[in-house]
Every structure is written in structure tokens, then in C-alpha cells.
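Open the model in your viewer and set side chains to sticks. The stops below are given in order.

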Amino acid sequence: MNYEAIAREKADVLIGRGHARILAVESSCDETAMAVVEDGRRLVSGVIASQIDMHALYGGVVPEIASRMHVQALDPLLDQTLAQAGMGMEDIDAVAVTYGPGLVGALLTGVAWAKAFAYARQLPLVPVNHIEGHVSANYIAHPDLTPPFVCLVASGGHSHIVRVDDYGEYAIMGGTTDDAAGEAFDKVARVLDIPYPGGPLLDKLAEEGDDRAYSFPKVHTPGEYDFSFSGLKTAVINQAHHLRQQGEAINAADWAASFRRAVVDLLAEKTVRACRNSSLSRVALAGGVASNRLLRREMGRLGKKAGLEVFMPPAALCTDNAAMIGSAAFYRLMKGELAPLSLNAAPSLDLM
Ligand code: KG4
Ligand code: ZN
């Protein structure tokens, strides 16, 4: 039998048992991550090799460096992930990998590695969409959460309000018409001389600032559940340059707090509105921006007011990790969705 027939046969056994231990690989951007996840819900072990210190030297992710660092990190991560799980390769039932969206070279390193592992061990290979991974982080953090629910997915590359109808079934309700929320945080952080990655550090600085100190123009958005951050970002950056040219000092903490407030208000209000209008009482947060402290507080507050049950993964499961990929993969595997060995990276992959 060839590899694909063996993988299919093994997948059918796993589907019959409704049980699988998946080794998941994530390398779409600047973190190499690996995890073992059981039945989509239990994180057995997870390890992340961060490249932040290297990219910080250049003020942002350098794709070529990211790819090279992933290649170096993948093999040692396997040893660490298995050791932390107290498992050997023979305990793994299937392999999952992020194949998009993301940086093409970075994605390819993980895809090639996962294909090699799957072939060598003759295991099913499950392709995972990175955005679906972010949504699925909630399944690990909240074993009681099941679809349907509304999910705000806000990361460095994507900002969407999604209706999760079932596992792997989504309807996009709205999203950004220009920059992603994380991208806006990162760009405004740069103007405040906050080093890369700007979002989390700006968030920390904002905790000490007054969010009413500066006022920025109101954001106009085309659709009921859409966002736009480009206009706000440009206005904020121009205003900072203008003040500096006039020799006025900017209070960085106040500035960060005021900007964060504008972004979070928009995200939270639209997400709560999406829940209300779709008559869903459960809402989840996902993606790197979901670790933002104000967004978490505001969603908690507004959600409570609107009678919603609000789910958010801990910060470590909001930013890129492999646990979320292993969770998403379980539900794909149970539907019999496998990748052939010709699987390629899909840098512009959409959620649906
Ligand atoms: O999901 P993620 O780790 O990677 C992508 O798939 O993009 O998200 C990274 C993005 C970056 O733009 C980062 O600045 C932003 O999420 N981010 C934050 C916070 N933590 C990460 N933005 C605002 N506040 C935070 N605490
Ligand atoms: Zn991500």
C-alpha cells in the first residue's frame, strides 16, 4: 500500500474511535511552535521557540530570517515537545500543520517538516488554517464551549467577526476593510518608539495612561460589523508628528491609552452588536490582540451588560501557538480531511 492509502486507513480507525493524539506544527510567522493535543481539547504539551529578539533588531519580521530560524528550531522542538509529554513518536496518531495564511517561506518550513514526519511515521497529515486555529484556542481553554458562538478574531494579519456555526463551519459577519487591529497597534507603537512587537508593549504602557488625554477622529466604517483602522492610525501618527514639530512633548502613556481606547471600543461594540443581532448568547475572543488587557476588560463588562457568556483564552493561547492548531486539526481529522504529500503553503488562505 502507498502512503496515502495507509494514512487514510489509519485516519478511519481514529474516526471510528473518536480519539486522536495529534502532533501539531505552527510556523506561519515569527514563532516556531509544536504541541501534542488530545481529542481537540486537552493540551498534553506545547513548546514555542520565539524569534522576537532577532526580529526586534530590524523593527519587524524579516521573512528570510524567519524561515531560516524555523528550520533550525523544528527538530529540537520535537524532542522537547515529546519529552514534556512523556511520550515517544509511537504515541502520536496524526500530524497537523498550519499551511496558511502567513509568510510563504515560513509556512513552507513547517509544511515540509510535517510532511516528512507524516511520511516517515506513515501517519495521517491534517492541513490547518491558521485563523481557524486561533478560533480553536478557545476549545482548549474552555472544554465546555461548543458551537454556535460569535468569535472576534483579531491578530497581526486579520480582524474578523465570525459566526462559528459548527466545528469548521464559519460565516464571516464583518471584518477590517484595511489594516488588521494588531497591525495598527504595531504601527502606532513605532511612532512612540516602542520596540517590536509593539502591540503588547503599547498595551502595557497604556495601563498607566489616561485614555481621555488625547482625542482622535471618530472611525467611520462601511458595514455594521466592519472595522477600519487605517484612517485612525494615520490620524494618530500625523498628530504625533505635528505635536513634535511644534516642540510639544507627547505623553507616551496617555497617547497609548487614548489610541488603545479608540481601537478597543470599536472592536468590542461591533462584536457585542453582532451577538445581539444574531441572537447568539456566547462570544469568544481569539488572536494576538485578544490578549489586550483593555479589550478583555471591555468585553467582560459589555458582555455582562448584554447578558452574554464571554470566553477568552489565556494570553499564551491568544498569540501564535501550536496547541490551537492541534485542536482545529482534531475536528478536521474527524471529518476525514487529510492532506496529500503534495500539500503546499497557501499564504493568502481565507477562513472560508
Ligand atoms: O495572532 P498573533 O500572535 O499573530 C498573527 O497571526 O498575526 O498576533 C500578533 C499581533 C501583533 O500585531 C501584536 O502586536 C498583537 O497581535 N498583540 C497585541 C497584544 N498582544 C499581541 N495587540 C494589542 N495588545 C496586546 N496585548
Ligand atoms: Zn496568529
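Start with F229. This is a predicted model. F229 has 0% relative accessibility, so it counts as buried. Now add F227. Its relative accessible area is also 0%, so F227 is buried too, the cut-off being under 20%.

Next, select Y139 and F149. How are their rings arranged, edge-to-face or stacked? The ring centres are 6.1 Å apart and the planes stand at 80°, so the pair is edge-to-face. Colour by secondary structure here. Y139 sits in helix α5, while F149 belongs to strand β6 (residues 149–154). The two residues are 10 apart, and their pair links distant parts of the chain. Both Y139 and F149 are buried.

Go back to F227 and F229 and show the rings. They make an aromatic pair of the stacked kind, with 5.9 Å from centre to centre and 25° between the planes.

Widen the view around Y139. One aromatic cluster takes in Y139, F149, Y167, F330 and Y331. In total, the structure has 11 aromatic pairs.

Last stop: select ligand 2, the zinc ion. Which protein atoms serve as its donors? They are NE2 of H130, NE2 of H134 and OD of D320, at 2.0 to 2.1 Å from the ion. Along the sequence, the donor residues follow the spacing H-x3-H-x185-D. Trace helix α5 (residues 130–141) to find the two histidines. H130 and H134 are about one helical turn apart because they lie four residues from each other in that helix. Check the surface display as well: H130 and H134 are both buried.

Note on methods: Residues numbered from 1 in each chain as written. Chains lettered and ligands numbered in written order. Predicted model: local features only at pLDDT ≥ 70, side-chain atom pairs only at ≥ 80, totals over all residues. Heavy atoms only, no water. Donors = N, O, S within 2.8 Å, 3.2 Å for Na, K, Ca; no water. Buried < 20%, exposed > 50% of the residue type's maximum accessible area, 1.4 Å probe, protein only. Phe/Tyr/Trp six-rings, centres within 6.5 Å; stacked < 30°, edge-to-face > 60°.
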